[in-house]
Amino acid sequence: MQTVIQLYFHSKTHSIFVIRVDRIIDPRLQPLSEIRNQVIQNWQAQQRRLRIEESAHKISERIRLGEEFITIAEEFGLTVTTSDPMTRSGEGAKSTVSRAAVSDLFNIKKGEVTVVPIPGGAQVVRLVEIMPADTSGDKVEILGDELVRA
């Protein structure tokens with residue numbers, strides 16, 4: 001006897017979906033012959049990522065020891081960019097600054113350097129300046145009102 005499962009549900013867009021499962025295939029390890037190319041590609045990508053992260057840590061250590069960021073970047077064929085001031089939520093950050101980097105920048109001290117893993121590589125970031133938050137304007141009043149109501 002064949003097992004049939006049907007599921008009806010509503011989405012946030014008020015659409016109706018029907019899912020029908022005609023059979024369930026037990027999990028199994030795929031033979032290497034079927035996935036060999038994917039395994040090789042994944043291994044190569046992992047090795048590239050490890051080499052990039054290793055280089056990023058070497059760069060960050062050299063910066064900590066006093067070498068100029070721009071000089072090291074040029075040696076590796078990399079570009080140094082300076083972001084505009086940003087908030088903890090990332091507002092104001094250039095698109096090249098990852099969310100992870102924004103988070104890390106708010107957890108280090110002025111002048112410190114950190115390495116942030118990103119998809120396909122790593123970012124070396126240094127906190128150059130800490131600016132006081134802008135507490136003027138409507139945003140602060142709105143946030144204060146929301147906190148009072150919470």
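# Notebook: pocket, fold and five residues

**Pocket.** I began with the largest pocket, which has a volume of about 1700 Å³. I then listed its lining and found 44 residues. Closest to the pocket centre are Ser83, Asp84, Met86, Val97 and Leu105. Next I asked which elements give two or more residues to this lining. They are helix H1 (32-64), helix H2 (69-76), strand S4 (121-126) and helix H4 (138-149). I also sorted the lining by class: 26 residues are nonpolar, ten are polar and eight are charged.

**Confidence.** This is a predicted model, and I checked its pLDDT before going on to single residues. The mean over the protein chain is 84. Of its residues, 83% reach 70 or more. Which element has the lowest mean pLDDT, and which the highest? Strand S1 (residues 5-10) is lowest at 52, and H1 is highest at 94. I note that H1 is also among the elements lining the largest pocket.

**Fold.** I counted four helices and four strands in the protein chain. Read along the sequence, the order is β-β-α-α-α-β-β-α. The chain has 150 residues, and buried ones make up 15% of them. I looked at contact range too. Among contacts with a separation of 6 or more, 22% are between residues 24 or more positions apart.

**Glutamine 123.** I found this residue in strand S4. Is glutamine 123 buried or exposed? Its relative accessible area is 14%, under the 20% cut-off, so glutamine 123 is buried. I then looked for what surrounds the side chain. A polar atom of the glutamine 123 side chain lies 2.4 Å from the backbone oxygen of threonine 96. A polar contact of 2.9 Å also joins the side chain of glutamine 123 to that of serine 98. I listed contacts beyond four places in sequence: Thr96, Val97, Ser98, Ala101, Thr114, Val115, Val116 and Ile118. One of these, Val97, I had already met close to the pocket centre. For distance, I took alanine 100, which is 23 residues from glutamine 123 in sequence. Their C-alpha atoms are 9.5 Å apart.

**Threonine 114.** From glutamine 123 I moved to one of its contacts, Thr114. Threonine 114 is in strand S3 (residues 113-118). Its relative accessibility is 14%, so threonine 114 counts as buried. Which residues does threonine 114 touch, leaving aside neighbours within four places in sequence? They are Arg64, Asp104, Ile108, Gln123, Val124 and Val125.

**Isoleucine 63.** I went to helix H1 next, where isoleucine 63 lies. At 7% relative accessibility, it is under the 20% limit and therefore counts as buried. Beyond four places in sequence, isoleucine 63 is in contact with Phe69, Ile72, Val113, Val124 and Arg126. I noted Val124 here because it had come up in the contacts of threonine 114 as well. I also checked glycine 111, which is 48 residues from isoleucine 63 in sequence. The C-alpha to C-alpha distance of that pair is 9.9 Å.

**Glutamine 46.** I stayed in helix H1 for glutamine 46. Its relative accessibility is 37%, so glutamine 46 counts as partly exposed. I then asked how many residues separate glutamine 46 from glycine 120 along the chain. The answer is 74, with the C-alpha atoms separated by 8.9 Å.

**Alanine 133.** My last stop was the loop between S4 and H4, where alanine 133 lies. Is alanine 133 buried or exposed? Its relative accessibility is 65%, over the 50% cut-off, so alanine 133 counts as exposed. I paired alanine 133 with methionine 86, 47 residues away along the chain. Their C-alpha atoms are separated by 9.6 Å. Met86 was already in my notes, as one of the residues closest to the centre of the largest pocket.

Technical notes:
Residues numbered from 1 in each chain as written. Predicted model: local features only at pLDDT ≥ 70, side-chain atom pairs only at ≥ 80, totals over all residues. Heavy atoms only, no water. 1 Å grid on protein atoms, 1.4 Å probe; cavity = no way out; pocket = protein on both sides within 12 Å on 5 of 7 lines; lining within 4 Å. Points joined across faces, edges and corners; volume = space filled by probe spheres on them. Nonpolar A, V, L, I, M, F, W, Y, C, P; charged D, E, K, R; others polar. pLDDT = per-residue confidence, 0-100. Buried < 20%, exposed > 50% of the residue type's maximum accessible area, 1.4 Å probe, protein only. Contact = heavy atoms within 4.5 Å. Polar contact = N/O pair within 3.5 Å; in protein donor to acceptor, adjacent residues only side chain to side chain.
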